[in-house]
Amino acid sequence: MSTPASPAPFQATAVGLAPHSRSGGRPALAAVLLGFFTIMVDAMIVNVALPSIGRGFDSGMTGLQWVVDGYTLAFAAFLLSAGAISDRVGARQAFAGGLGLFVVASAVCGTAPNLGVLVAARLVQGVGAAMVVPSSLALLREVFPDPAARARAIALWGVSGSVGSAAGPVAGGLLTVIDWRMIFFVNLPVGAVALALLKRAQPSPRRSAPFDWTGQVAAVAALGGLTYAAIEAGADGFGTARVLVAFAVAVVAGVGYVIAQARGRHPMTPLPLLRSRTMTLSVAIGFALNIGFTRRGPA
């Protein structure tokens, strides 16, 4: 008797996930892997295209910094509340909304007539990406109730992000040879495939989740003020009035955020969590990873 053919590479059955997943688990896993891969690629792909973008828009260093940091700023600021939003609207719905927003913003980036539109679209991309990350993990938790299968699915999720981070600079260099706008247009077909796969997964239940408005506003103000001050100080110096005001806003908002997390009823970042060695080590590794990928500025 002949042996059945092995499943195709990267299928969920290849790692023993299918027998332990909810209906629609394999399409949901494929959608999550594609979506997270795309998000991580986009976080890294723009860096190598900055010289071409600068020549295309006749932009200086400050404008190009906003192309990169605008995405990172929005991603970091709204990631804090994305988990609560995912619970409120449902993981599958939040993932689809975030990825859809990311794809639409990518199209705007690719057709941007000037640097201002490109930076604004990058901010929207960051918001979409912030929705994708926590909702993707929540979706995997739902479709893989078996702990062992869920652990394998999350491992694949981590691999897809790592591959995306490593592939970003390489893909950016290759696509920029054709046209720097291709680094954004490439997100469209990948995102469309992921959204099509997601339709085969069951809708996610909605859960009641508190929203920390004070913390979210304070986080946006603190990160926005600090980012603005750091970028503009490079062009105008640290002693200019607007840079000093931006730094002051960042400090005041940062203090407000800490107070909100210490005294709020539903903090986004419970301060006792910071005493966890696992949490501290994870943050340190993530910080080192991001510094390693973004330490070089535009050429």
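These legends describe an overview and several close-up views of one predicted model.

The model is predicted, with local features requiring pLDDT of at least 70 and side-chain atom pairs counting only at pLDDT 80 or more, while totals for chains, interfaces and linings use all residues. Residues are numbered from 1 along each chain as its sequence is written, and side-chain values use heavy atoms, with hydrogens and water left out.

**Figure 1. Overview of the helices in the protein.** The secondary structure consists of 11 helices and 0 strands; helices (H or I, at least four residues) and strands (E, at least two) are DSSP runs, numbered from the N terminus. Along the sequence the pattern reads α-α-α-α-α-α-α-α-α-α-α. Of the 299 residues, 41% count as buried, where buried means under 20% relative accessible area, exposed over 50%, and partly exposed in between (1.4 Å probe, protein chains only). The accessible surface is about 15000 Å², and carbon and sulfur atoms hold 69% of it; areas come from the Shrake-Rupley method with a 1.4 Å probe, and for residues only the protein chains shown count as cover. Among contacts (heavy atoms within 4.5 Å) with a separation of 6 or more, 80% join residues 24 or more positions apart.

**Figure 2. Packing of helix 9 against helix 10.** Helix 9 covers residues 213-236 and helix 10 residues 241-263; their axes lie 7 Å apart at an angle of about 155°. Helix 9 is therefore roughly antiparallel to helix 10. Axes are lines fitted to C-alpha atoms, for helices over the stretch in contact, and angles run from 0 to 180 degrees between N-to-C directions. Angles under 35 degrees count as roughly parallel, over 145 as roughly antiparallel, 65 to 115 as roughly perpendicular and the rest as oblique. The crossing of helix 9 and helix 10 is left-handed, that is, the near helix is turned anticlockwise from the far one by less than a right angle (clockwise would be right-handed). The contact between helix 9 and helix 10 contains 17 nonpolar, 6 polar and 3 charged residues. Here Ala, Val, Leu, Ile, Met, Phe, Trp, Tyr, Cys and Pro count as nonpolar, Asp, Glu, Lys and Arg as charged, and the others, Gly among them, as polar.

**Figure 3. Alanine 221 in helix 9.** Alanine 221 has a relative accessibility of 29% and so counts as partly exposed. Leaving out residues up to four places away in sequence, alanine 221 touches Val249, Ala250 and Ala253. Its C-alpha atom is 9.9 Å from that of glycine 256, 35 residues apart along the chain.

**Figure 4. Crossing of helix 4 and helix 8.** The axes of helix 4 (residues 91-110) and helix 8 (residues 187-198) come within 9 Å and cross at roughly 160°. The two helices are therefore roughly antiparallel to each other, and helix 4 passes helix 8 in a left-handed crossing. Helix 4 residues in the contact include Phe95, Leu99, Phe102 and Val103, and those of helix 8 include Leu188, Leu195 and Leu198. By class, this contact has 10 nonpolar, 4 polar and 1 charged residues.

**Figure 5. Serine 52 in helix 2.** Helix 2 spans residues 50-57. Serine 52 counts as buried because its relative accessibility is 16%. Beyond neighbours within four places in sequence, serine 52 contacts Thr176 and Trp180.

**Figure 6. Aspartate 58 in the loop between helix 2 and helix 3.** Helix 3 covers 61-89. Aspartate 58 is exposed, at a relative accessible area of 72%. Its phi is near 50°, a positive value in a residue other than glycine. Most residues other than glycine have a negative phi.
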